[in-house]
Amino acid sequence: MLNHFNFEKRGDKVLLTNDFGKHIFLEQPEFKKLVTNKIEETDACYDCLKDGLFIFDNPMEVFTDENIDAIRGMKGYLFTGTALHIFVVTNVCNMNCIYCQAKDKTSDLSKFMTPETGRRAVDMALQSPVNELTFEFQGGEPLLNFKTIKAMIDYCEERKGSKNVEYTLVSNLIALTDDKLDYLAEHHVSVSTSMDGPQFINDHNRVAKGGLSSYEYMDKGLKKLKERGISSGAIETTTRYSLGYPEEIINAYYEKGLPGIFLRPLTPLGFAQADWETVGYAPDEFLLFYSKAFEKILEINRGGTVFPEILATYFLRKIMNGVAYNYMELRSPCGASMGQMSYYCDGDIYTCDEGRMISETGDHAFRLGNVYENTYQELLENPVCKATALSSVVESLPSCQGCVYQPYCGVCPVVNYAEGKNIFPKQPGGFRCQVYKGILNLIFQKIQEGDWQTMNIFETWIEG
């Protein structure tokens, strides 16, 4: 009996995928036999099709019972509470990045979270029925309101009970001082910064106020973090200016000894949306950049260094392991509310980081409640939570349900809303869809080619 699957012709073969996250390449004659239900046990592809759950012999009820764990592996995040809690302790920043997603040109950039509001936010986050939590401090520039960060961490340590809470800070490192370093080291706070490539690219994209070099601050800050043994990393954002320098960007990360790179396309929010004609690009332009950078990354790995591309790694873990790791944008439904929540300076709580970014324009469509007014359970019962979940189930979206990459992908209702004022995509094949599809095309091309060295590299990425 045939199980449901999606398919796409790829050269002289056909790629098939199913809801279990399994994939297989068939010769076209084999595919024809499959869809006409003429596959026999003596066919060379029979065992692979059966192992991949594309065909089965037992009654549907037995087949479902036998393989329910595989579906749970793909959807395991639905059985836990909200694990990632993002605290925006200020929207004030000491930089003017040309693509800033967290503000637009009408934003009131003067807000600071008070320690009391911060403690209330911690109380809310600790209501989540999950023992492993991540508290992420963001801005603006969070180091500009370090007293609230300290108050929140100290309070959490007193109240967390048996829960394990990991702390992380997203910072440009300009305001990093020795006393702050001491506290971060003492409380095992990991730090993520931004580096868009070598200095000339980084300083073009990430403009520090007063004519200073944001790259030099970042570089000095990373060195200080490393000296203190504080876990640290960097993320890259690709602008139109970045597109001409794929190898230079990869080399900058590799030469700095960073453990890999996330080649991140722009998200059309805030300044990036308003100035898209200047800083943005078409999907095929990004994908050309990405493919060149990807080949450079593979070259580094062939030299013996494990240096992954992080976005590809998230895809590969779903493709090769059948498990959706904690990357909110590739969940179905997405991670909004159920996987993450974002707490704004005034105590308002949003479905996700992107949802609170929309609020900077005065649009509070993704607000769930407030730390002074609601309980965690009330947040999850909010119709906004339900709507974002409903609108991000890719298995039911007309533009996604027939796509061969549907088991590995995800959609963002906030981005859909920003682009078309509708949490459902108005038309298939939008910017993010084309980017994800292009990256998956590249990954499956490598898998189809079957080069042993490349496949070994992929294995090291997903094991890391």
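This is a short tour of the chain as a whole, followed by a stop at helix α17.

Before you click, note that this is a predicted model, where local features need pLDDT of at least 70, side-chain atom pairs count only at pLDDT 80 or more, and totals for chains, interfaces and linings use all residues. Residues are numbered from 1 along each chain as its sequence is written, and side-chain values use heavy atoms, with hydrogens and water left out.

Start with the whole chain in cartoon view. You'll find 19 helices and twelve strands (DSSP runs numbered from the N terminus: H or I of at least four residues for helices, E of at least two for strands). Turn the C-alpha trace along its principal axes and it spans about 70 × 50 × 40 Å.

Switch to colouring by burial: 56% of the 464 residues count as buried, meaning under 20% relative accessible area with a 1.4 Å probe, protein chains only. Now show contacts (heavy atoms within 4.5 Å). Among those between residues at least 6 apart in sequence, 70% join residues at least 24 apart.

Next, select residues 413–420, which is helix α17. Seven of its eight residues are buried, so expect a mostly covered helix. The buried ones are P413, V414, V415, N416, Y417, A418 and G420.

What do the buried residues of α17 pack against? Add these partners to your selection: α10 (270–274), α14 (353–359), α16 (383–390) and α18 (431–449).

Last stop: step off the end of α17 to K421, which follows the helix. Check its backbone there: phi of K421 is positive, near 55°.

Terms used
Buried < 20%, exposed > 50% of the residue type's maximum accessible area, 1.4 Å probe, protein only.
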